[in-house]
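Reader: I am in my first year, and I would like to understand how the descriptive words used for a structure are justified. Could you take me through the reasoning with care?

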Amino acid sequence: MQQPKSFPFDIRDVEERENEELCKYFSGVNGKCNIQVGPKKYLLLSDYKNEAESIYNMPLRPDDIFIVTYPRSGTTWTQAIVWLLAYDLDFSTANKTPLEERSVFLEFPMLMHKVLLDKLKKVHAGKEEKLKALDLVSVPGTVQVAAMPSPRIIKTHLPMSLLPPSLPDSCKVVYVARDPRDVAVSFYHLTSEFQSFKFNGDFKSFWSLFVKDLVYWSPFFDHLKEAWEMRHHPNMMFLFYEELSQNLSATVKRIADFLDKEYTAEQLDDLCTHIKFDNFKNNPSVKMNIVNLRELGIMAPKGEFIRKGKSGGWRDYFDADMSREAEDWIAKNLQHTDLRFPTV
Ligand code: A3P
């Protein structure tokens, strides 16, 4: 009898011509680092291979909460909200302990690829503390997650199909989506500052890769649609960044209800004040994470996670041709689905 495969998808190198295009712009990775996974060809970095099977088969706990997003869709914001709701609004710990420690980023070690690690180890040669910190951020995500206390709030940008197939039957999942034009602008800024990728080019070049699904964790629309199809599952919540930004308190209340958490209106108001953009931007637990990444050289000195926090900011980056192309691209991809982005 044939044994069930423990990881059912092919992992391939990116086709030569596309890889050349990728390497032309993403100077942080060397050409051998780019892989595509499964029939949808999710673009990831090759160290994902070390963890693909462990992630796919990771033991889940019934009180786990996954936060699943395409990058730059409001992950950090949602992590902060969900963590506080799950942990009895413990603002004191939330202010003291870095968010990424309280809510581990499952596939982060994939970003610490050999090219980057070798470079950073040279930069920090002889500095024991820094070298130890580099080792720590390279510990496999499933190992980090196994050591987390319950309830675990787990962050990932992996699409649903690459996560354990028992999701969302076995525990709750919050999926957050955002208008791809704002996602692209935000991701462009991050990848330009983030040394794992180090995008060298203007926004137009980034956008042209984005619509060709040649940006990491793409294809964008397959990522969203996989979760959208599961949205009626009682353990699944499909949220839009735009809902958080247009009506924070009502959306936070919906998340609390989804997590079966009861808080008074006053308590939820306190939570909203805590995670409102201006306060959140200066939140020590978010800053600690950025400072750590900057000091290690993973993030450029001016790199920010929390940037503008607006919906519709893409209009400053798209000329008329790009706007038209974007509209067509979105319409084409939404053709056979009732998924729609809230209008802003
Ligand atoms: P911008 O770059 O458009 O400002 P992620 O956490 O998935 O990487 O998403 C990052 C995006 O969410 C960034 O978008 C960031 O500014 C925005 N964001 C983070 N916290 C926010 C908050 N409290 N309010 C509004 N937007 C927030």
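Author: Let us begin with the aromatic rings of this predicted model, where the count comes to 42 aromatic pairs.

Reader: What makes F194 and F197 a tilted pair?

Author: The ring centres of F194 and F197 are 5.9 Å apart, which is within the 6.5 Å that a pair requires. Their planes stand at 35 degrees, and because stacked rings need an angle under 30 degrees and edge-to-face rings one over 60, the pair is called tilted. F194 and F197 are also both buried.

Reader: Why is the pair of F221 and W329 called edge-to-face?

Author: Here the planes are at 65 degrees, with the centres 5.0 Å apart, and since an angle over 60 degrees counts as edge-to-face, the name follows. F221 belongs to helix 11 and W329 to helix 17 (residues 320–334), so the pair ties together parts that lie 108 residues apart in sequence. Both F221 and W329 are buried.

Reader: How do you know that the charged end of R102 sits over the ring of W83?

Author: The charged end of R102 is 4.4 Å from the centre of the W83 ring, and the distance part of the rule asks for a position within 6 Å. In another case, K155 lies over the face of F105, at 4.1 Å from the ring centre, which again satisfies the 6 Å limit.

Reader: Turning to the sheet, what makes strand 5 and strand 7 its edges?

Author: The open sheet has four strands in the order 5-4-6-7, with parallel pairing. Strand 5 (153–156) and strand 7 (236–240) each have a single partner strand, so one side of each is left without a neighbour in the sheet. Neighbouring strands are turned by 20 degrees against each other on average, direction ignored.

Reader: How do you know that strand 4 and strand 5 pair?

Author: A pair requires at least two bridges, and strand 4 (residues 65–69) and strand 5 have four, in the parallel sense. One of the partnerships joins I65 to I153 in strand 5. By the same test, strand 4 and strand 6 are paired, since five bridges join these parallel strands, and F66 stands opposite V173 in strand 6. Strand 6 and strand 7 are likewise parallel and have five bridges, with F238 in strand 7 as the bridge partner of Y175.

Reader: Why is strand 6 described as largely enclosed by the rest of the structure?

Author: Six of the six residues of strand 6 are buried, so the description is justified. Both faces are covered, with K172, V174 and V176 buried on one side and V173, Y175 and A177 buried on the other. Helix 3 (residues 75–86) lies across strand 4, strand 5 and strand 6, and runs at about 165 degrees to strand 4. Helix 11 (residues 220–228) lies across strand 4, strand 6 and strand 7, running at about 135 degrees to strand 7.

Reader: Why is A256 called buried?

Author: Buried means a relative accessible area under 20%, and A256 has 1%, so the word applies. A256 is placed in helix 13 (residues 248–258), and, leaving aside neighbours within four places in sequence, A256 is in contact with L85 and K261.

Technical notes:
Residues numbered from 1 in each chain as written. Predicted model: local features only at pLDDT ≥ 70, side-chain atom pairs only at ≥ 80, totals over all residues. Heavy atoms only, no water. Helix = DSSP H or I, 4+ residues; strand = E, 2+ residues; numbered from the N terminus. Axes fitted to C-alpha atoms, helices over the stretch in contact; angles between N-to-C directions. Contact = heavy atoms within 4.5 Å. Phe/Tyr/Trp six-rings, centres within 6.5 Å; stacked < 30°, edge-to-face > 60°. Buried < 20%, exposed > 50% of the residue type's maximum accessible area, 1.4 Å probe, protein only. Lys NZ or Arg CZ within 6 Å of the ring centre and 35° of its normal.
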